[in-house]
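Colleague: I'm new to this structure and would like to learn how to read its strands and sheets. Could you walk me through it?

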Amino acid sequence: MKYRCVRCGKSASTLNGFTCGCGGTLEVVHAFPEVSLDVFGQRLSHIDGPFSSGVWRYKELIHPRIGTDSIVTRPEGNTNLYRRGAVSSYTGVERLQLKHEGENPTGSFKDRGMTVAVSEAVRSGANIVACASTGNTSASMAAYAAQAGLKAVVFIPEGEISYGKLAQALAYGAQVIQVRGNFDDAMRVVKEGGSELGFYILNSLNPWRVEGQKSIVFEMLQQRRWQPPDWIVVPAGNLGNTAAFGKALRELKELGLIDKVPRLASIQAEGANPFYRFWRGKHNRLEPMKPDTIASAIKIGNPVSWVKALDSIRMTDGAVEQVSDTEIMEAKAIVDSSGVGCEPASAASVAGARKLREMSDIAPDEEVVCVLTGNLLKDPENTVKYHLGELQTVDARRMNKPVQVEPDIGSIEQLLKQLNGQPMEAAVSGH
Ligand code: F0G
């Protein structure tokens, strides 16, 4: 096992500073052991131990050499793959599935990368782990650092973190530092801290995070009996998942474990779309921008993994698309009212699938898996404001407004009649 710079191709044996001397990001290059899909199938029966994790089940493809004693696991993964008629109708893609990463222990896909990167931090003797975050990374890192007994420092953009996520970071015992700036400023500080203060960085700049996030693809394929869909659609901010999914698919193909490589679609918010703009224009570098979107988790203007992500899109003959905040919140309202539910940034994948279908990039009979990256309980203020019609920049066509009533049964009966235009018994029983 070694590290390779994705920009200049130079190899390294340690993660020193987390970037190559040329400034490029590093990826893990494995010498894979012999492995067959049957092994992953047998491990589905494990009740405890690392192999019950939906990440470590694929250990040979993620971190073959680490001793099972060093593994810090909740366990994570084992998230559901849903079909919902309402989401299929909305997107125009009949055979659509939702891979719900919001079902991870701390509420997002970050736990998949974190179990691997924190295990590696412990193995390599790290003392202080650090990350920049708008919420999910901080909650996940704080939980895994607490479990491993590591000191955790979280850098958050002041006033821009979701309250529930701040609560998790504080409760799990991380030192929270509010940076006067946005996520990109916080990320820059953490990168400098990695080389100058010896922080062990746990953002997706850390290639072990990317290794863990490959398991989203492995588990989804196993749930589909190793039959790849035509498309995988994923929200895109810092581009860690886009990078991880491409690497997962490339390695599976090279190992002969799949025949067909699905196309990867990376979906950005219109107000935070540097990767989309780069893809559409013919520049040879990504231009950072000041991000602005309601989807806090993808409000990123200078994504660290863009070179890896570009590789993923090219390798899979994929697509990069953008969606507006109105499209994101509308797709979220559909996913939420189907009973599945997700955080705003996650719904970018569903909004993106709809758009790619409308533009005929996705054909009506193709099979699509949209990844929902986080839990409905993230950013609840914006969900409530949407349903109250109070979001200034969003056209809330699917709002579900609460109503007020006096506390007596007569008023309630009257109200139900008004709401349903039906007698009360029928309104209550739903007939
Ligand atoms: N979806 C959710 C729910 C996220 O939390 C994030 C990133 C992304 C998508 C974008 O990830 O790197 O794969 O493009 N959240 C970071 C955080 C910023 O701090 O939790 P990517």
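Modeller: Happy to! This is a predicted model, and a good place to begin is β7 (residues 151–157), which pairs with β8 in the parallel sense over five bridges.

Colleague: Which residue in β8 does I156 stand opposite?

Modeller: In general, strands of a sheet pair through backbone hydrogen bonds, either parallel or antiparallel. Here, I156 faces Q178 of β8.

Colleague: What is the order of the strands in that open sheet?

Modeller: The sheet has four strands, ordered β8-β7-β6-β9, with parallel pairing. At its edges are β8 (175–179) and β9 (200–201); each has a single partner strand, so one side of each lacks a neighbour in the sheet.

Colleague: Which helix lies across these strands?

Modeller: That is α7 (residues 183–196), which lies across β6 (128–132), β7, β8 and β9 and runs at about 155° to β6.

Colleague: Let's try another strand. Are the faces of β12 covered or open?

Modeller: The general idea first: in a regular strand the side chains alternate between the two faces of the sheet. In β12 (residues 319–323), five of the five residues are buried. One side carries A319, E321 and V323, the other V320 and Q322, and both faces are covered.

Colleague: Which residue is the bridge partner of Q268 in β12?

Modeller: Q268 is partnered with Q322. The strands β11 (residues 263–269) and β12 pair in the parallel sense, over five bridges.

Colleague: What is the mean pLDDT of the chain?

Modeller: The mean is 95, and 97% of the residues reach 70 or more. Over residues 423–431, though, the pLDDT is below 50, and this stretch has nine contacts in the model beyond near neighbours in sequence.

Technical notes. Residues numbered from 1 in each chain as written. Predicted model: local features only at pLDDT ≥ 70, side-chain atom pairs only at ≥ 80, totals over all residues. Heavy atoms only, no water. Buried < 20%, exposed > 50% of the residue type's maximum accessible area, 1.4 Å probe, protein only. Helix = DSSP H or I, 4+ residues; strand = E, 2+ residues; numbered from the N terminus. Pairing = 2+ DSSP bridges. pLDDT = per-residue confidence, 0-100. Contact = heavy atoms within 4.5 Å. Axes fitted to C-alpha atoms, helices over the stretch in contact; angles between N-to-C directions.
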